[in-house]
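Work through the exercises below on charged side chains. Try each task before reading its solution.

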Amino acid sequence: MITAACVLHGLLAVACAGAPAAAQRAPASISDTIWVSATRPGAMRTLTAAVAAAPRHATVRVEAGVYREPPIAIRTPLTLVGEPGAILDGQGQHEILGIGADSVTVRGLLFRNTGTSQATDRAALRVVEAADCLIEGNRFENTLFGVYLQRARHCIVRRNTLIGLAGSQTVTGNGLHSWNGRDILFEDNVVRGHRDGIYFEFTVGSVARRNISEQSHRYGLHFMFSDSCRYEGNTFRDNESGVAVMYAKHVAITDNHFERSRGSASYGLLLKEISDSKIQRNQFIDNSVGLHMEGANRNDVADNDFVRNGWAVRVLADAQDNQLHGNAFQGNVFDVGTNSRSNYSTFRNNWWDRYRGYDLNHDGVGDVPHAPVRLFALLVQQSPSALVLVRSLLVDVLDVAERVVPTLTPETLRDGAPLMRAPRSLP
């Protein structure tokens, strides 16, 4: 059922208007492999004609060349393969390819030039209410949205390269986008220069793994209302606002790299209203804020590396019952920040390069607790301009004084069993 989507976007309008499905009336004389070429004898001259004539489960092969056609709609199961040099060009005017059928594969094509739009989410390749699609090995250049999955199920998008439009986030769209989907897999893609590199909304049971998402105008990864998803082994770097995950539960964020998200509103990873989830074995390197937890509850934050960040971890007072253990903190300006003297999360068995305690029984655990919140961090929280003094002798004196006679730092925010040695080699 694709009627609503077609009315909204127009891309599949022909199919929705009741045009006879080519898949159901394919002439018996048509081969299971159809060529699209300007020169090959017997080939179709346009991709539009080829996909309309293709029988179910046929293969459509596109020879090298630039194809400038109106939006193309696939409405029967088939495999679409681009030979090296096959280019589908939207001429800066429209979407390029729409899929409204199950079991469609698109491979080896270059999509380019959708142009921008303030009225519609114009995509180079849109899948609408279809299942079991495979989109792999394509390249997308100068597209508003790259791949847009709309109520799709059991689809795989892998080994694609997507380069967004030049400009700010107001004139760019998302690279890989899933709305209201289920069992989606994004893997081994490279996404660069889009508004959000990877976007999940109302998408459940899905996975993003081994992708590289960089130089996004907003977030490298952005997902909301997407429960029971996994994000594994991805690299997010140089994204203007970092990564934001919001309003979801039972999420696993493991073995990812969050790097070089810098700015007053940038985060390696922002957790907002995330609960009962796992954030494990990630590396947070050189971000303004490594991990920010706001309204995030009952999460397991374990075995992560926080290295050379401004703030390694910020835990707000409304983040409760989180367990932080096995993490390593090295070279951060501030290891932990908070906005309250109250703390409802637990720090234990972490390694802190600023720890100055001792271990008389040599069990590898410090004999005195470690208070990771610096007094100067509280001052900066109240007056950010004080940050210019961070390397001054005055701040060193404050640190020593607070360590000897703690008076202002949160009494409940302490690591009661800090590790004496780093649990692993740090980057």
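The exercises that follow concern salt bridges in this predicted model.

**Exercise 1.** Find how many salt bridges a search of the whole structure gives.

Solution. The search of the whole structure finds 26 salt bridges.

**Exercise 2.** Decide whether R68 and D89 form a salt bridge, and state what parts the pair ties together.

Solution. Step one: the closest N and O atoms of R68 and D89 are 3.9 Å apart. Step two: the cut-off is within 4 Å, so the pair counts as a salt bridge. Step three: R68 lies in the loop between β3 (65-67) and β4 (72-74), and D89 lies in strand β6 (residues 86-89), so the pair ties together parts 21 residues apart in sequence. Step four: D89 has 5% relative accessibility; buried means under 20%, so D89 counts as buried.

**Exercise 3.** Place the salt bridge between R260 and D238 in the chain, and classify the accessibility of both residues.

Solution. Step one: the N to O distance in this salt bridge is 2.9 Å. Step two: R260 sits in the loop between β27 (257-259) and β28 (267-275), while D238 sits in the loop between β24 (235-237) and β25 (242-249), so parts 22 residues apart in sequence are tied together. Step three: R260, at 33% relative accessibility, counts as partly exposed, and D238, at 28%, counts as partly exposed.

**Exercise 4.** Name the residues linked in a network of salt bridges.

Solution. The network links R107, E136, R158, R159, E187, D188, R209 and R210.

Notes: Residues numbered from 1 in each chain as written. Predicted model: local features only at pLDDT ≥ 70, side-chain atom pairs only at ≥ 80, totals over all residues. Heavy atoms only, no water. Salt bridge = Lys/Arg side-chain N within 4 Å of Asp/Glu carboxyl O. Helix = DSSP H or I, 4+ residues; strand = E, 2+ residues; numbered from the N terminus. Buried < 20%, exposed > 50% of the residue type's maximum accessible area, 1.4 Å probe, protein only.
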